[in-house]
Amino acid sequence: MADCLLEIRGLSVGYGDGIVLSDLSLSLERGRSLAVLGRNGVGKSTLMLAIAGHLVPRSGTVLLDGQSLDQAPPFQRCRRGIGWVPQGRDVFAPLTVEENLLIAARKGPWTMRRVHELFPRLLERRRNYAGQLSGGEQQMLAIARALMTNPAVLLLDEPLEGLAPVVAQDVARCITEVVEKEGMSAILVEQHAGFALELAHEALIIERGRVVRSGTSAQIAADRDALELHVGIRKATSRKAS
Ligand SMILES: Nc1ncnc2c1ncn2[C@@H]1O[C@H](COP(=O)(O)OP(=O)(O)O)[C@@H](O)[C@H]1O
Ligand SMILES: [Mg+2]
């Protein structure tokens with residue numbers, strides 16, 4: 001594939017004896033984005049955890065820029081370009097906003113100044129402890145922290161989850177800016193399927209541990225039957241952060 005950035009081949013992964021994902025393969029080209037859809041519990045976060053190196057797969061391989069990440073622990077995957085924004089944010093609550101960003105910082109185009117331009121609220125709140133922030137602010141911090149690592153690919157796991165609609169729209173706007181305007185390669189797991197399908201170039205749907213649909217986002221958005229059957233939504237809305 002032309003300029004393949006991230007490739008997953010035959011990934012089988014789970015917890016203990018239980019397998020969650022079986023023989024899953026996908027690829028992402030540089031500068032492209034992929035929406036991962038599926039009902040609760042199908043293994044979307046498990047996929048992200050396996051890419052970020054927090055779960056050791058039963059079989060399969062994860063390649064970044066053609067190089068295997070299989071032997072690399074999470075901190076090395078971060079250094080090599082995997083920017084993970086975990087579900088539930090997981091900011092470092094006892095550290096200030098500024099400290100959360102500084103400990104992640106690596107050389108590259110994303111600097112403190114640029115993440116403050118993207119999220120002015122984090123500049124205002126820089127001396128506050130992360131644990132004191134609202135949910136929306138914590139999500140912004142989690143995204144900003146991942147950007148500070150200057151990733152090759154951003155993994156966003158339900159970044160709008162639990163946010164009030166107006167806050168979700170704000171966060172969605174920032175994600176759109178990073179992915180569309182800055183051309184950041186990204187995998188987006190999102191229950192807000194309308195937003196995910198509008199943002200991402202490609203999309204896939206997972207069910208029972210396997211990819212049951214994949215295609216361009218437009219193709220998946222038009223497949224109302226699949227969205228209803230496998231994602232549980234009657235139709236893909238076109239509003240941002242719907
Ligand atoms: N730490 C864990 N230990 C055992 N089972 C888990 C663990 N985390 C998730 N699971 C199970 O793995 C399956 C997939 O979970 P997950 O990847 O979180 O789904 P999703 O993100 O799609 O909602 C679910 O059945 C869930 O109960
Ligand atoms: Mg999840």
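## Helix α7, a hairpin and the largest pocket

The buried residues of α7 pack against β3 (33–37), α4 (112–118), α6, β7 (153–157), β8 (185–189) and α8 (193–199). Packing here is contact, with heavy atoms within 4.5 Å, and buried means under 20% relative accessible area (1.4 Å probe, protein chains only). Helices (H or I, at least four residues) and strands (E, at least two) are DSSP runs, numbered from the N terminus. This is a predicted model, in which local features need pLDDT of at least 70 and side-chain atom pairs count only at pLDDT 80 or more, while totals for chains, interfaces and linings use all residues. Residues are numbered from 1 along each chain as its sequence is written, and side-chain values use heavy atoms, with hydrogens and water left out.

Among the buried residues of α7 are Ala168, Cys174, Ile175 and Val179. The end C-alpha atoms of α7 are 23 Å apart, which agrees with the 24 Å that its 17 residues should span at 1.5 Å a residue (1.5 Å times one less than the number of residues).

Strands β1 and β2 run antiparallel and are joined by eight bridges; strands pair if DSSP finds at least two bridges between them. In this pair, Glu7 stands opposite Ser27. The two strands form a hairpin with two residues between them.

Two glycines take a positive phi:

| Residue | Place | Phi |
|---|---|---|
| Gly16 | turn between β1 and β2 | about 60 degrees |
| Gly183 | just after α7 | about 70 degrees |

Note on methods: Chains are lettered from A and ligands numbered from 1 in the order in which they are written. Buried means under 20% relative accessible area, exposed over 50%, partly exposed in between (1.4 Å probe, protein chains only).
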